[in-house]
Amino acid sequence: MSTPRKIIIDTDPGQDDAVAILLALASPEEIEVLGITAVAGNVPLPLTQKNARIVCELAGRPDVAVFAGCETPMDRPLVTAEHVHGKTGLDGPTLPDPQMPLREEHAVDFIIRTLRDHPPGTVTLCPLGPLTNIATALRHAPDIAPRIAEIVLMGGAYFEVGNITPTAEFNIYVDPEAAKIVFASGVPLTVMPLDVTHKALVTRTRNDAFRAIGTPVGRAVAEMTEFFERFDKEKYGSAGAPLHDPCVTAYLIRPDLFTGRFINVEIETHSPLTLGMTVADWWRVTKRAPNATFMGDIDADGFFALLTERLARL
Ligand SMILES: [Ca+2]
């Protein structure tokens, strides 16, 4: 038995964030969640921090420390995605308001303190939303960069190009300056772009498998992914909702489900036409130094088997 990886989940729930958190909390052999830090993204911060607590309570884990972070991107007004996630960010199931408290400490202070308190190379950051909290922590406390074991994030796209603009994925688009800081930080990066997550589709059969778990968690996940899928079916004509963020937590448990390339990835922060584009040198046509393991493929059946098996534990 190896010891579980200590992680901080940085998130903007979001139905797919919720599933990512549930998967982490269902997997104590592999993952120890030190805390959950909320950031503005899919919906504004008051909702994302509340939704993070709703999800912890759904998992039966009101003991998890949840912190609120940055309300707006570093240099821009917030762009949200209610058109995908609904008004609350967690539309679909009816879940009770959380009773567990929000911690008083700012998410950025928690991230910095946790990295300084742990031995270098023992804490992994898992951003599932815009990178505002992570980049703000790196800017305030550059000494934490070499202490971070790895950043495993959902964001960006190469072959799939964009979902919020023709050339940008939502998380990177919302705070491209933050993304630029993270991709230039020198921290080992593993990236789950749309190229991967658009292959992790909740088909009817996979949704039925969540529901067949027969628990409140199974039902809630089935209802969340049903809500979420309206948007993608209309937009892409796809077979179901892509489960973007759970790819991050699944990677911590079963990295063998994913394949990618160690390449250079730069973030566009100026062009109005391509703002937030992840310029990924997939074909290695530049001499720019590799800075990220950019995933390209997923064993989707293996991913959903893992997810369904783990969710059934909660
Ligand atoms: Ca998210």
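**Group meeting: a buried helix and a calcium site**

Let me begin with helix 11, where eight of the eight residues are buried, so this helix is largely enclosed by the rest of the structure. The buried residues in question are Pro246, Cys247, Val248, Thr249, Ala250, Tyr251, Leu252 and Ile253. I should say at once that what you see is a predicted model, and I will speak about it with that in mind.

One way into the surroundings of helix 11 is through Val248, which is buried and whose C-alpha lies 6.2 Å from that of Leu153, although the two residues are 95 apart in sequence. Leu153 belongs to strand 5 and is itself buried, with a relative accessible area of 1%. If we set aside residues up to four places away in sequence, Leu153 touches Pro127, Leu131, Val182, Phe183, Thr190, Val191, Met192 and Val248.

Now to the calcium ion. Which residues coordinate the calcium ion? The donors are Asp12, Asp17, Leu128 and Asp245, with Asp17 listed for two OD contacts and Leu128 contributing its O atom, and the distances run from 2.2 to 2.6 Å. Written along the sequence, the spacing of these donor residues is D-x4-D-x110-L-x116-D. Asp17 sits in helix 1, residues 15-25, whereas Asp245 sits in the loop between strand 8, residues 241-242, and helix 11, residues 246-253, so this pair ties together parts that are 228 residues apart in sequence. Are Asp17 and Asp245 buried or exposed? Both Asp17 and Asp245 are buried.

Staying with this part of the chain, I would draw your attention to the peptide bond from Pro13 to Gly14, which is cis in the model, with omega near -5°. Gly14 is placed in the loop between strand 1, residues 5-11, and helix 1, and helix 1 is the element that holds Asp17.

There are two further backbone details that I would look at with some care. Val161 has phi near 60°, a positive value in a residue other than glycine, and Val161 is located in the loop that runs between strand 5, residues 148-154, and helix 6, residues 170-174. With a relative accessible area of 29%, Val161 counts as partly exposed. Arg284, which is not a glycine either, has a positive phi of about 50°, and Arg284 falls in the loop between strand 11, residues 278-280, and strand 12, residues 292-298.

Let me finish with the chain as a whole, which has 12 helices and 12 strands. For 314 residues, a compact globule would have a radius of gyration near 20 Å, and the value of 18 Å for this chain agrees with that. The C-alpha trace spans about 50 × 45 × 40 Å along its principal axes, and 61% of the 314 residues count as buried. Of the contacts with a separation of 6 or more, 82% are between residues 24 or more positions apart, and the pair of Leu153 and Val248, 95 residues apart in sequence, has already appeared among the contacts of Leu153.

As for the surface, the accessible area of the chain comes to about 12,100 Å², with 55% of it belonging to carbon and sulfur atoms. The chain carries 28 positive and 40 negative charges, and the mean positions of these two sets are 2 Å apart.

Conventions:
Residues are numbered from 1 along each chain as its sequence is written. This is a predicted model: local features need pLDDT of at least 70, side-chain atom pairs count only at pLDDT 80 or more; totals for chains, interfaces and linings use all residues. Side-chain values use heavy atoms; hydrogens and water are left out. Donors are N, O and S atoms within 2.8 Å of the metal (3.2 Å for Na, K and Ca); water is not among the atoms, so sites may look incomplete. Helices (H or I, at least four residues) and strands (E, at least two) are DSSP runs, numbered from the N terminus. Buried means under 20% relative accessible area, exposed over 50%, partly exposed in between (1.4 Å probe, protein chains only). The radius of gyration is taken over C-alpha atoms; the globule rule is 2.2 Å times the number of residues to the power 0.38. Contact means heavy atoms within 4.5 Å. Accessible areas come from the Shrake-Rupley method with a 1.4 Å probe; for residues, only the protein chains shown count as cover. Lys and Arg count as positive and Asp and Glu as negative; His and the chain ends are not counted. The place of a charge is taken as NZ of Lys, CZ of Arg, CG of Asp or CD of Glu.
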